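The exercises below ask you to read a protein model step by step. Try each task before you turn to its solution.

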Amino acid sequence: RKAVSLPGLIAQRGQGNKITMLTCYDASFAALMDRCGVEILLVGDSLGMVSQGHSSTLPVTVAEIAYHTASVARGNKSALLVADMPFGSYGTPEAAFNNAVTLMQAGAQMVKLEGGAWLAPTIQFLTERAIPVCAHLGLTPQSVHQLGGYKVQGKTAEAAELLKKDALILQAAGATLLVLEAIPSVLGKQVTDLLLIPTIGIGAGPDCSGQVLVMHDLLGVFPGRKAKFVKNFMEGHSSIDAAVLAYVAAVKDLSFPAPEHCF
Ligand code: KIV
Ligand code: NA
């Protein structure tokens with residue numbers, strides 16, 4: 001296939017062709033996901049939990065994300081490669097730029113950061129310097145200690161309004177993708193309808209422009225607590241290729257996420 005690009009993803013959103021994204025941490029899985037047609041590979045800081053065994057994403061470093069990004073880049077041919085900026089790596093626009101350069105030089109084509117309106121100057125600073133930015137709202141796991149746990153966000157009318165305001169501010173600052181995590185499906189739809197850029201949901205309902213899952217959840221190998229939005233696609237399939245193809249097909253034909261995966 002042709003290389004996946006950000007303009008291509010915006011066109012895809014316009015066509016109503018759902019975007020598929022998975023986390024990926026190494027070259028072999030990158031090659032597999034790429035040949036299965038996954039459009040975006042995310043080197044998520046979730047690697048701190050699923051790969052390193054930490055109880056949060058906070059211990060993950062820029063050097064670790066860069067190491068995994070370089071591995072994924074070697075295995076990938078045509079998917080868009082997004083790297084998470086880990087906890088503490090984007091406290092100021094200048095720090096964010098220096099750390100994002102490390103990740104881009106490791107092979108990332110876009111970086112993702114967690115947070116609301118306070119990130120607007122940072123997103124503007126990065127995008128003006130040729131670093132595409134994916135924003136991340138709702139349940140932002142790096143804020144687990146402030147949020148008091150991994151909880152559904154945007155449930156009150158006030159919180160929903162704030163999230164919508166944040167989404168518009170981040171888009172205006174230059175973000176070209178937005179991950180929405182663990183929010184009510186109605187809010188996922190409202191935010192998607194408000195924006196021109198694609199939204200990628202994880203526990204944000206079926207109306208986002210696309211979906212993302214952590215690969216260990218899709219394969220049913222994460223031993224920790226299973227979030228409501230998780231589906232084990234190995235069930236009913238006898239190979240990892242078949243499970244990833246089933247995920248891609250289910251996102252495209254709107255059968256995933258089903259109501260039982262939504263808030
Ligand atoms: O780190 C991660 O896996 C993520 C996704 C859940 C969006 O940020
Ligand atoms: Na992440």
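**Exercise 1.** Determine whether S46 is buried or exposed, and describe its surroundings.

*Solution.* Start with the accessible area: S46 has a relative accessible area of 15%, and buried means under 20%, exposed over 50% and partly exposed in between, with a 1.4 Å probe and protein chains only, so S46 counts as buried. The model is predicted, so local features need pLDDT of at least 70 and side-chain atom pairs count only at pLDDT 80 or more, while totals for chains, interfaces and linings use all residues. Residues are numbered from 1 along each chain as its sequence is written, and side-chain values use heavy atoms, with hydrogens and water left out.

Next, place the residue: S46 lies in the loop between strand 2 (40-43) and helix 3 (47-50), where helices (H or I, at least four residues) and strands (E, at least two) are DSSP runs numbered from the N terminus. Then list its contacts (heavy atoms within 4.5 Å): apart from neighbours within four places in sequence, S46 is in contact with T23, Y25, T57 and V214. Finally, the side chains of S46 and Y25 are joined by a polar contact of 2.7 Å, that is, a pair of N or O atoms within 3.5 Å, of which, within protein, one must be able to donate a hydrogen and the other to accept it, and residues adjacent in sequence count only if both atoms are side-chain atoms.

**Exercise 2.** Find where K112 lies and which side chain its own side chain meets in a polar contact.

*Solution.* K112 belongs to strand 4 (residues 110-114), and it is buried because its relative accessible area is 3%. Leaving out residues up to four places away in sequence, K112 touches several residues, including L42, V82, D84, H136 and V179. With D84, the contact is also polar, since the two side chains meet at 2.8 Å.

**Exercise 3.** State which residues UniProt lists for "binding site", and how far apart they are in space.

*Solution.* The unreviewed UniProt entry lists D45, S46, D84 and K112; the positions are in the numbering used here, feature names are shortened, and annotations may be inferred rather than shown by experiment. Although these residues spread over 68 residues of sequence, they cluster in space, with a largest C-alpha distance of 12.5 Å.

**Exercise 4.** Decide what the radius of gyration says about the chain.

*Solution.* For 263 residues, a compact globule would have a radius near 18 Å, and the chain's 17 Å agrees with this; the radius is taken over C-alpha atoms, and the rule is 2.2 Å times the number of residues to the power 0.38.

Conventions: Chains are lettered from A and ligands numbered from 1 in the order in which they are written.
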